[in-house]
Amino acid sequence: MRQHRFDIPETQMISSADSYLESALHLEEAWHQKPNIFRSACVLAALSVEIYLKSFIAEDKSRLVDVINGVQIYGGGVGTKRIHGLTQLFDAIPKGWQDKILAQSHDQNPNVDLVATLNHYSDFFVEARYEHEPGAKGYLSDDILRLAEHVKGICHALAQS
């Protein structure tokens with residue numbers, strides 16, 4: 001069996017999540033002039049948290065394309081489980097990584113109960129993204145943006161360790 005071609009947490013996924021969070025933060029800055037974009041900021045922040053967590057359960061989905069002079073050439077890339085719930089994603093992370101995530105979270109801010117906060121926002125992405133749907137979240141808070149920033153710090157710290 002072949003080894004992963006990447007480290008966990010997976011840095012390309014972290015970079016992708018960073019981009020969504022950066023976009024969310026730009027929208028947050030501008031929402032006073034255009035209030036209807038605040039939902040988009042919150043949804044992008046929730047998506048970034050999802051991707052940050054998925055970086056700990058990344059799977060090598062590449063496939064052997066060719067062998068040239070004994071060198072194996074792979075195509076494709078990184079895949080993850082098709083889960084949106086933050087609680088389910090955290091539960092899918094191996095226990096050793098969960099422990100490191102929680103320790104890093106505490107080191108960053110001992111006042112954040114990461115598990116409780118992930119549980120609170122577990123289905124936020126799905127419930128908030130389509131405001132026109134029945135049952136869509138009506139009340140939005142910048143707390144999801146602060147959670148995303150916190151999880152970003154965790155991922156970057158652990159990716160460097």
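**Exercise 1.** Classify Arg146 by its relative accessibility: is this residue buried, partly exposed or exposed?

*Solution.* Start with the value for Arg146, which is 32%. Next, apply the cut-offs: buried means under 20% relative accessible area, exposed over 50%, and partly exposed in between (1.4 Å probe, protein chains only). Arg146 therefore counts as partly exposed.

A note on the model before going on. This is a predicted model, in which local features need pLDDT of at least 70 and side-chain atom pairs count only at pLDDT 80 or more, while totals for chains, interfaces and linings use all residues. Residues are numbered from 1 along each chain as its sequence is written, and side-chain values use heavy atoms, with hydrogens and water left out.

**Exercise 2.** Find the salt-bridge partner of Arg146 on helix α1, and say where both residues lie.

*Solution.* Recall the criterion: a side-chain nitrogen of Lys or Arg within 4 Å of a carboxyl oxygen of Asp or Glu. The partner is Glu28, with an N to O distance of 2.9 Å. Now place the pair. Arg146 sits in helix α7 (residues 143–160) and Glu28 in helix α1 (residues 11–30). They are 118 residues apart, so the bridge joins distant parts of the chain. Helices here are DSSP runs (H or I, at least four residues), as are strands (E, at least two), numbered from the N terminus. Glu28 is buried, at 16% relative accessible area. Finally, widen the view: Glu28, Asp142, Arg146 and Glu149 form a network of salt bridges. The structure has five salt bridges.

**Exercise 3.** Locate the salt bridge between Lys54 and Glu50, and describe the helix that holds both residues.

*Solution.* The two side chains meet at 3.0 Å, N to O. Both residues belong to helix α2 (residues 38–54), four residues apart, about one turn of the helix. An α-helix has 3.6 residues a turn, so residues three or four places apart point the same way. Check burial next. Lys54 is buried at 8%, and Glu50 is buried at 3%. Then list the neighbours: leaving out residues up to four places away in sequence, Lys54 touches Met13, Thr80, Lys81, Ile83 and Leu89. Contact means heavy atoms within 4.5 Å. Now take the whole helix: 16 of the 17 residues of α2 are buried. Its span from first C-alpha to last is 25 Å, close to the expected 24 Å. That expectation is 1.5 Å times one less than the number of residues.

**Exercise 4.** Compare the accessibility classes of Asp99 and Lys95, which form a salt bridge.

*Solution.* The closest N and O atoms are 2.7 Å apart. Both residues lie in helix α4, four residues apart. Asp99 is partly exposed at 37%. Lys95 is exposed at 57%.

**Exercise 5.** Describe how helices α4 and α7 cross.

*Solution.* First, the axes come within 9 Å and cross at roughly 115 degrees. Axes are lines fitted to C-alpha atoms, for helices over the stretch in contact, and angles run from 0 to 180 degrees between N-to-C directions. Second, list the contacts. On α4 they include Trp97, Ile101 and Gln108; on α7 they include His150, Gly153 and Leu158.

**Exercise 6.** Which element has the lowest mean pLDDT, and which the highest?

*Solution.* pLDDT is the predictor's confidence in each residue, from 0 to 100. Strand β4 (residues 78–79) is lowest at 72, and helix α4 (residues 95–108) is highest at 98. The chain mean is 90, and 96% of the residues reach 70 or more. Where pLDDT is low, the predicted coordinates should not be read in detail.
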